[in-house]
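Reader: Could you walk me through how one sheet and a couple of helices fit together here? I'd like to take it step by step.
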Amino acid sequence: MQSKNITDTLYGKKIDTANILNISDAKLIRNKFVGQKNSTEHFSNSVIVVTGVTGQDGSYMVDYLLKNTNALIFGGVRRLSVYNHHNLSHVKNDRFHLVNFDLTDSHAISSIIENLKPDYFINFAAQSFVASSWDFARQTWQTNSTSVLDILESIRHHQPKCRFYNAGSSEEFGNVSYSPQDELHPLRPRSPYGASKAAARQIVKVYRESYNLYAIQSWLFNHEGPRRGEEFVTRKITKGVARIAYCVQNKIPFSPIELGNVNAKRDWSDSEDFVECVWMMLNQEKYRVDFDSNMEIQEYVLSSNETHTIKEFVELAFKTAGIEGVWHGEGLNEEFSVTTQSANELNVPSSVLVKINPNFYRPAEVELLLGNSSGFRRDFDWKPKSDFYSLIKKMVVSDLKDAGL
Ligand code: NAP
Ligand code: G4F
């Protein structure tokens, strides 16, 4: 009984499966909303299905849509044994509902599209962790590729006017042949994950061209934020920094953060910037500054147009928490330790902040990613609000706050 109570109130919120609608109840809400529709414009009073809403991008997308549209939004969530809705716990709005939905169940996909007849289907659900894609290659393929085909088939049969967005990845470029990578760069994936997104890209294109669907997949370079999953390198670092900062403040000895390839380079943006771009891409006639009605809809690269090593991220994250460090050693013996000056000032109980653990190396690595999003920035007259420095600060400050600092 005791353990049930603890699980039920994990993250201070009760699990309430009654809040997750079955498809019949969702359909009633949808029909009532559509009955009250007061505009015929595609992007007004829309019905939108967003998948992956418990994750980073899906939850930010919901925030964006609730703030910037008058749409009715259904967030697809799969049944799990333990509550995992903490990225959504702040959302209280009559225009947002959760529906039971597993991407690997083609009947569920079909039922959602047939019954809810969405104007938009925004697919952020995926097996999104590259490192796990070697361990679960088939499940990655099923979730990231086959399911996309299932969604397209359902849209074509039941709701061909539905606009479909699928989250593609810079991992599709993989072993890059030139930098920066733009929309013309060849697909050279290095992981089952990258291959699954490249396959999805091809089928989205085929359905767009064969059936004249508004179906697109952008190339998203890495994007982060305080809601980022804790196994991805940025959040692993900022969580680790907060843990160590807490130990330093309370004079508790600490263990270092353990990382793999710290020389890899990534092009990092803010997830909150990108969800806005996704909505703009789905409404090109409204947001493209150069739009004319003969134009084909386009797929775009989204990136910061800067690349940084994992090492740089580490240095800045610790610096933001007031801890200065320095790299020394090579290969597996490389370490990031508190500088002598910082050690004296802070009177730290341990000195090694980061060490290398080869278990975090991958069977094949993408060493460098650097995007060129000038196409999107030009066509939509858009620029990001966040940069590398403000992103790190936002993530570290959030994790320090969670640690009570
Ligand atoms: P994320 O935080 O890992 O979220 C993934 C979401 O997918 C979670 O809500 C997860 O639900 C859901 N999901 C996984 N399998 C599912 C299934 N079988 N049925 C229903 N839902 C399922 O990922 P993210 O960072 O927000 O990324 C969103 C999308 O963008 C993904 O497609 C990812 O591949 C792509 N992308 C991300 C980045 C990036 O840097 N963030 C870059 C390029 C592309 P649970 O909570 O139940 O696990
Ligand atoms: O944070 P990561 O796990 O992200 P990765 O592999 O770049 O994938 C993310 O971005 C893709 C877009 O390019 C998305 F499509 C994908 O869904 C995901 O969101 O790793 C970043 C880099 C890699 O080079 C990795 O080898 O960091 C390196 N790294 C070094 N040590 C580590 C670690 N990565 C993780 N996760 N954990 C480490 O300890």
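Author: Let me begin with a term: a crossing counts as left-handed if the near helix is turned anticlockwise from the far one by less than a right angle, and as right-handed if clockwise. Please keep in mind that this is a predicted model.

Reader: OK, so which hand does the crossing of helix 10 and helix 13 have?
Author: The crossing of helix 10 and helix 13 is right-handed.

Reader: And at what angle do helix 10 and helix 13 pack?
Author: Helix 10 and helix 13, the latter covering residues 388-402, pack at about 55°, and their axes are 9 Å apart. Because of that angle, helix 10 is oblique to helix 13.

Reader: Which residues in helix 10 and helix 13 meet there?
Author: From helix 10 come Phe313, Leu316, Ala317 and Thr320, which meet Tyr389, Ile392, Lys393 and Val396 in helix 13. Sorted by class, this contact has six nonpolar residues, one polar and one charged.

Reader: Switching to the sheet, what is the order of its four strands?
Author: The sheet is open, with the order 9-16-15-14 and mixed pairing. Its edge strands, each pairing on one side only, are strand 9 (257-259) and strand 14 (325-328), and the twist from one strand to the next averages 20°.

Reader: How many bridges join strand 15 to strand 16?
Author: Three bridges join strand 15, residues 335-338, to strand 16, residues 352-356, and the two run antiparallel. Within this pairing, phenylalanine 336 has valine 354 of strand 16 as its bridge partner.

Reader: Which strands does helix 10 touch, then?
Author: Helix 10, residues 310-320, packs on the sheet and touches strand 9, strand 14, strand 15 and strand 16, while its direction makes about 150° with that of strand 14.

Terms used:
Residues numbered from 1 in each chain as written. Chains lettered and ligands numbered in written order. Predicted model: local features only at pLDDT ≥ 70, side-chain atom pairs only at ≥ 80, totals over all residues. Pairing = 2+ DSSP bridges. Axes fitted to C-alpha atoms, helices over the stretch in contact; angles between N-to-C directions. Contact = placed C-beta atoms within 7 Å. Parallel < 35°, antiparallel > 145°, perpendicular 65-115°, else oblique. Nonpolar A, V, L, I, M, F, W, Y, C, P; charged D, E, K, R; others polar.
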